[in-house]
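Trainee: Could you walk me through how to read a model like this one?

Mentor: Sure, let's look at it together and take the features in turn.

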Amino acid sequence: MKELTKAEEQVMQILWQIEKGFVKDIIEKMDPPKPAYNTVSTIVRILEQKGFVAHNAYGKTHEYYPLIAKEKYSKFYFNNFLSGYFNGSFERLVSFFAKENDLDIKEVEELMRHARSEQKDKDNE
């Protein structure tokens, strides 16, 4: 899986939200200033080439839908982020987050407890 550009991610966020739609439906959900139809159409075709999106054809019109679940991409993106910035260490991430957000030790311990609980749940699946 490849990391998405900002524009590709914006289109995917909309497709994950609406589940399927035409280019006009995607544009409709975008904030102003809205990009040109051809721009969004190109982004969707790139996403299709990357394996993130597929389509149903109705004559010359295409209805697009995601092939990759949002959760799967989120996990991939987060793992890349964790590897790239924190050497894969969740503890380093929490430490950085705690310093940047001026969290006290009790809040940090709660974060770690929650993370460990999530990991145990994942290991038991």
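Trainee: How many helices and strands are there in the chain?

Mentor: Helices here are DSSP runs of H or I with at least four residues, strands are runs of E with at least two, and both are numbered from the N terminus. By that rule the chain has six helices and two strands. Going along the sequence, the pattern reads α-α-α-β-β-α-α-α. Keep in mind that this is a predicted model, where local features need pLDDT of at least 70 and side-chain atom pairs count only at pLDDT 80 or more, while totals for chains, interfaces and linings use all residues. Residues are numbered from 1 along each chain as its sequence is written, and side-chain values use heavy atoms, with hydrogens and water left out.

Trainee: What does the radius of gyration say about the chain?

Mentor: Take it over C-alpha atoms and set it against the globule rule, 2.2 Å times the number of residues to the power 0.38. A compact globule of 125 residues would come out near 14 Å, but this chain has 19 Å. Along the principal axes, its C-alpha atoms fill a box of roughly 60 × 35 × 25 Å.

Trainee: And what share of the residues is buried?

Mentor: Buried means under 20% relative accessible area, exposed means over 50%, and partly exposed is in between, with a 1.4 Å probe and protein chains only. Of the 125 residues in the chain, 26% are buried.

Trainee: How do I read the contacts by separation?

Mentor: A contact means heavy atoms within 4.5 Å. Among contacts in the chain with a separation of 6 or more, 43% come from residues 24 or more positions apart.

Trainee: Now the backbone: which residues have a positive phi although they are not glycine?

Mentor: E19 has one, at about 75°, and D102 has another, at about 50°. E19 sits in the loop between α1 (6-18) and α2, and D102 in the loop between α5 (90-100) and α6 (105-123).

Trainee: Are those two buried or exposed?

Mentor: E19 is exposed, with a relative accessible area of 59%. D102 is exposed too, at 70%.

Trainee: Where is the cis peptide bond?

Mentor: Check omega: it is about -5° for the cis bond that joins P32 and P33. P33 belongs to the loop between α2 (23-29) and α3 (37-49).
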